[in-house]
Amino acid sequence: MKKSAEKRDRQSKVARMRNRETKSTFRTAIKKFDAACAAGDKAAAEENFKLSAKLLDSAASKGIIHSNTADRKKSRMALKLNKLA
């Protein structure tokens, strides 16, 4: 294997792990938001919504997920939050 191919392989492995970590983090935050909504805890849901939105925006800005995907998820979460009122 060429040196450049080996380097590219190393770089892609690091990027893949970073992307997986970021995705896992925002998915966990969304699950916590959903759990708070299911429990009817509006204060916890609002807090988890803010965190989830921040993590989604961060992932979208890094190109880990598409910006439209982040916006769609945030929109659906906002609708869910507003139904708690």
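**Exercise 1. Serine 58**

Task: State which helix holds serine 58, and determine whether its side chain counts as buried, exposed or partly exposed.

Solution. Serine 58 is located in helix α2 of this predicted model. The relative accessibility of serine 58 is 25%. Buried would require a value under 20%, and exposed a value over 50%. Serine 58 therefore counts as partly exposed. A further step places serine 58 relative to phenylalanine 26: the two residues are separated by 32 residues in sequence, and their C-alpha atoms lie 9.5 Å apart in space.

**Exercise 2. Threonine 22**

Task: Classify threonine 22 by its accessibility, and identify what it touches beyond its neighbours within four places in sequence.

Solution. Begin with the location: threonine 22 belongs to helix α1. Its relative accessible area is 16%. Because this value is under the 20% limit, threonine 22 is buried. Once neighbours within four places in sequence are set aside, the contacts of threonine 22 are Ala59 and Ile64.

**Exercise 3. Packing of α1 and α3**

Task: Determine how helix α1 is oriented relative to helix α3, and list the residues that make the contact.

Solution. Helix α1 spans residues 3-39 and helix α3 spans residues 67-83. Their axes come within 11 Å and cross at roughly 20°. An angle under 35 degrees counts as roughly parallel, and α1 is therefore roughly parallel to α3. The handedness of this crossing is left-handed. On the α1 side, the contact is formed by Ile30, Phe33, Asp34 and Cys37; on the α3 side, by Lys73, Met77, Lys80 and Leu81. Sorted by class, the contact of α1 with α3 comprises five nonpolar and three charged residues, with no polar residues.

**Exercise 4. Packing of α2 and α3**

Task: Repeat the analysis for α2 and α3, giving the orientation and the class composition of the contact.

Solution. The axes of α2 and α3 are 9 Å apart, and the helices pack at an angle of about 175°. An angle over 145 degrees counts as roughly antiparallel, so α2 is roughly antiparallel to α3. Helix α2 contributes Lys42, Ala45, Glu46, Phe49, Ser52, Ala53, Leu56, Asp57 and Ala60 to the contact. Helix α3 contributes Ser67, Ala70, Lys73, Lys74, Met77, Ala78 and Leu81. By class, nine residues of the contact are nonpolar, two are polar and five are charged.

**Exercise 5. The salt bridge of lysine 13**

Task: Give the partner of lysine 13 in a salt bridge, and compare the accessibility classes of the two residues.

Solution. The structure as a whole contains four salt bridges. In one of them, the side chain of lysine 13 meets that of aspartate 9, with an N to O distance of 3.4 Å. Both residues are in helix α1, four residues apart, which is about one turn of the helix. Lysine 13 has a relative accessibility of 52% and therefore counts as exposed. Aspartate 9, with a relative accessible area of 33%, is partly exposed.

**Exercise 6. The network around lysine 74**

Task: Establish which residues are joined with lysine 74 into one salt-bridge network, and describe the setting of lysine 74.

Solution. As a principle, side chains of opposite charge can pair when their charged atoms come close.

1. Lysine 74 is placed in helix α3. Its relative accessible area is 19%, under the 20% limit, so lysine 74 is buried.
2. Apart from neighbours within four places in sequence, lysine 74 is in contact with Phe49, Ala53, Leu56 and Asp57.
3. A salt bridge joins lysine 74 to aspartate 57, with the closest N and O atoms 2.6 Å apart. This pair links distant parts of the chain, since lysine 74 lies in helix α3 and aspartate 57 in helix α2 (residues 42-61), 17 residues apart. With a relative accessible area of 36%, aspartate 57 is partly exposed.
4. A salt bridge also joins aspartate 71 to lysine 74, where the closest N and O atoms are 3.7 Å apart. Aspartate 71 and lysine 74 are both in helix α3, three residues apart, about one turn of the helix. Aspartate 71 has 41% relative accessibility and therefore counts as partly exposed.
5. Through shared partners, these salt bridges join Asp57, Asp71 and Lys74 into one network.

Terms used
Residues are numbered from 1 along each chain as its sequence is written. This is a predicted model: local features need pLDDT of at least 70, side-chain atom pairs count only at pLDDT 80 or more; totals for chains, interfaces and linings use all residues. Side-chain values use heavy atoms; hydrogens and water are left out. Axes are lines fitted to C-alpha atoms, for helices over the stretch in contact, and angles run from 0 to 180 degrees between N-to-C directions. Helices (H or I, at least four residues) and strands (E, at least two) are DSSP runs, numbered from the N terminus. Angles under 35 degrees count as roughly parallel, over 145 as roughly antiparallel, 65 to 115 as roughly perpendicular and the rest as oblique. A crossing is left-handed if the near helix is turned anticlockwise from the far one by less than a right angle, and right-handed if clockwise. Contact means heavy atoms within 4.5 Å. Ala, Val, Leu, Ile, Met, Phe, Trp, Tyr, Cys and Pro count as nonpolar, Asp, Glu, Lys and Arg as charged, and the others, Gly among them, as polar. Buried means under 20% relative accessible area, exposed over 50%, partly exposed in between (1.4 Å probe, protein chains only).
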